[in-house]
Each structure stands twice: as structure tokens, then as C-alpha cells.
Amino acid sequence: MSHEVFCHIPQTIDPEVTVGNSCFGDDLWDLSPLIPQQSLSPSRKKLKFNTIQSVQLKFTIKQYIYYKLGQVKAQSTITTMHSLAYFIRFCRANGIHSLENITRQTLLTFAMWLKTECKIGKRTSYMAFLVVEEMIRVGQIKGWSVPNDDVLTGITAKEIWGSGKDEGSLKKVKPIPDNIFDEILRCALHYEAYNKKDILTKCGIIIQSQTGLRINEVLSIKSGCLHQPENSPAYFEVALSKTVRGEPVIHRVFANDLVISAIQELEQNTKILREKSGLSELFLTCNKGINVPRALGWSNHRLRTFIRRCNIRDTDGALYPLKSHQFRATFVKQLIMRKIPIAYVMEQFAHVSVEMTCHYLTLQEKEVKNIYAQLILSPNAKIAGINADEIKQKTANMFRGKTEK
């Protein structure tokens, strides 16, 4: 189903209108066509409405979720439904059958219920209240069965919970110390000595460390993604998940020698699994069927096992608690240390590819060449490979004749 289907939401929705593999009137929405990531299990691509006993309340919530599908990615909409689950429980416990019956006092009671009864964090409570707040605001505009009065005055999610951030959420992901980074990369390159079969962990670490990609983006790369043009640097194509609304967008990311070798090794070692399954992803496992590893458990399972087997320890002698997103933080740290403009670094968090970064920044052609040829592809950089001089000459050809725009 195309993404455009959700753009204009009527006040009354035909129960037979298609939603993914389901219909609006169904109590189970299968959003698999809207969530192409193979690393997610089928159950995490579905929305269930059968816990909502009230027909009127269920219809309003469905209208809101249908509206959200036109605003954000389907996976984000599933997260919205998870936040709404608290309000659904509250309504069931208090005999609320329609949002039209919601008053200012009801919302205050809901906020107190989240704080005292649910035993959840500040951030979770904030999001649980925020989705109800948005459902009421949008519903008032679209004519849904919601309160007509301004019941939100003085009791918005921001006014009750502030920023909504938990105390511990201010702790940022820390870059990997240089000496530990060196040890991680060294062990990854020779991981066969510790585990001959775990090619996926080895290649995942190498690609993340050299590109700053998120682990879910690394796991999305497919057979044939690597390109090695004769007169320009090698690159591979990857689905970047947090650049636009809707489905992930394919972009190009420069590949140094380490990345090239890792991708070629994946191509060779997962060839049989791809042929058997019909999947094109390079990261495949044969565990209860052939599938893509889940990004959710990558740090807790694969990286933790890697650290233990390689016996990589911090300054206190404890096993280093490596998380996959630290590779991204380390990548950005390297850019900052080399005095890359802050605006560029900010874009780098969301846009790894050169074309997306240049699209949003006012960088001169010479600056872009220097950023990629000297700072990312420098032989002395942690996030780089070798042959930087050769690649620098090739980037000159890539940008030759291009205007600043």
C-alpha cells in the first residue's frame, strides 16, 4: 500500500479501507507492507485493538492511529499505540466509553494515575499523556468524538512533566576510549581466532566503526550494495531510517578498504542462506528459520559475547560494556576533534551520505572534498582506511565541474 493513502483522513472512515494487509474495521492491523525491515519480527509489525471494549472509544483511537500513519513512519505509529495502552487501561478501569466524556478533572486523574499506579518512568508517563493530548487536539479539528471544550488548559504533558526526560536520560552515549577502540577493531579483524562462525558480529563491528552507521542501518545492507567505480571512491548503499518520514531511503556511504573487505566477506559467507531464503540482506542467521538478526539484541548478545571472548577490559579491569551506538558517538567525536563545523556534525548524526549532508549545508566544493578525503579517509583516522592520497585524487574528479548548489 502506498504511503500517500494516509495523507487525507476523512471524518468518517470506511471500515473496508485498506490499512497495510488489513482493513480499518479489523481489530488487528498488519502493517508489514509499511515496515520493510527484515530484522523486526512479524508480531512487532502489528497493531491490536481487541483490548478496547468500548466501540466508540475504539473507533476514535483507530481514527487517531490512522491519522498518525499519514504523519510518521508505521513503526513510530506502533510506538504511539504502545503509549496509548496506558490510557486504554485507565479508561477500562474507570468505565470511560468515549473521549467525549473526558473532562479536565479526568485528565488530571489520569496524570495522577500514571504517577502513582503505573510505576513507570517520567519519560514514559510524559509520552502516555502526550498522545492523549494530541488525539484530543487533532480530534477537535477533524470532528472526532472528543471534548469540544478546552480541557487541556494548564494540564498539557509539558506543564505536568516538564521536558519529559528522565533523570538518567541526560547521560549521553560516550565515545569509545582510543585504546579500547584500537583493541576492539584489532580483535574484530581477527575474530576467527575467537569464533570462526561469527562472521556477522565481526563485519558489523568493522562497518559501524568505519562509517558511524546505526546498527539497524548496517543490518539493512543487501547483496550488491558495494560499488567500486573506476574514477571515484568506493561506496555502498544503505537504507537510512531516520532521514525522512515513511520508508527508509537508500543513500551512498563511502567505503574504505576495511569496509570493502567486510562486505565482500558477507557476500561470500551468506550466499547459501540468501539462495535458500530468497532474502537479499547480507546479515542473515539460520535460527528458527533464515532471518536478519534483530538490532534490539545486538549489544546485549553479540557485542557482549564479543567483548567476553576477546577479554577486552576497561581501566578498572572490568569487561568493557560496549554498546553499538558508541561507534556512532566515536565517529562524531573524530569529526569534532578535526574541527569539522558543528552544523556538519549535526547533520552527520542523521545523514551519513555525502549527498544528503551537502543538500542541507552551504559547504563549498573544496570543503566537502577536504572533509571526506582528509578527515574521514585519512590513514591516521580511527574511522578511516588506507590509500587516502589516492582516494583524495579520485574525489577531485567526483566534484569536478559541480556548482556549490
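What does the chain average in pLDDT, and what share of the residues score at least 70? This is a predicted model, and its chain averages a pLDDT of 80, with 74% of the residues scoring at least 70. A couple of stretches fall well outside that group. Over residues 351–365 the pLDDT stays under 50, although the model still has 41 contacts there beyond four places in sequence. Residues 397–405 are also below 50, and that stretch has 13 contacts beyond near neighbours in sequence. Where pLDDT is low, the predicted coordinates should not be read in detail.

Now let's turn to the aromatic rings. The count comes to 14 aromatic pairs. Take Phe-24 and Tyr-66: their rings meet edge-to-face, 5.7 Å centre to centre, with 85° between the planes. Phe-24 sits in the loop between β2 (22–23) and β3 (28–30), while Tyr-66 belongs to helix α1, so this pair links distant parts of the chain, 42 residues apart. Are these two residues buried or exposed? Phe-24 has a relative accessible area of 2%, so Phe-24 counts as buried. Tyr-66 is buried as well, because its relative accessibility is just 3%.

Another pair, Phe-110 with Phe-129, is stacked: the centres are 5.9 Å apart and the planes differ by 20°. Phe-110 lies in helix α3 (residues 104–116) and Phe-129 in helix α4 (residues 122–142), so their pairing ties together parts 19 residues apart in sequence. Phe-110 is buried at 0% relative accessibility, and Phe-129 is buried at 1%. Both rings belong to a cluster, in which ring pairs link Phe-87, Phe-90, Phe-110, Trp-113, Phe-129 and Trp-161. Trp-161 has a charged visitor too: Lys-115 lies over its face, at 5.6 Å from the ring centre.

Back at Phe-24, there is a lysine over the ring as well. Lys-62 lies over the face of Phe-24, at 5.8 Å from the ring centre. You'll find Lys-62 in helix α1 (residues 55–69). With a relative accessible area of 4%, Lys-62 falls under the 20% limit and therefore counts as buried. Leaving out residues up to four places away in sequence, Lys-62 touches Phe-24, Gly-25, Asp-26, Asp-27, Trp-29 and Phe-49.

Last come the cysteines. How many disulfides does a search of the whole structure find? The search turns up 0. Among the cysteines, Cys-23 is partly exposed, at 22% relative accessible area, whereas Cys-286 is exposed, at 63%.

Technical notes. Residues are numbered from 1 along each chain as its sequence is written. This is a predicted model: local features need pLDDT of at least 70, side-chain atom pairs count only at pLDDT 80 or more; totals for chains, interfaces and linings use all residues. Side-chain values use heavy atoms; hydrogens and water are left out. Helices (H or I, at least four residues) and strands (E, at least two) are DSSP runs, numbered from the N terminus. Buried means under 20% relative accessible area, exposed over 50%, partly exposed in between (1.4 Å probe, protein chains only). Contact means heavy atoms within 4.5 Å. pLDDT is the predictor's confidence in each residue, from 0 to 100. A disulfide is a pair of cysteine sulfur atoms within 2.5 Å. Rings of Phe, Tyr and Trp (its six-membered ring) pair if their centres lie within 6.5 Å; planes under 30 degrees apart count as stacked, over 60 as edge-to-face and the rest as tilted. A charge sits over a ring if NZ of Lys or CZ of Arg is within 6 Å of the ring centre and within 35 degrees of the ring normal.
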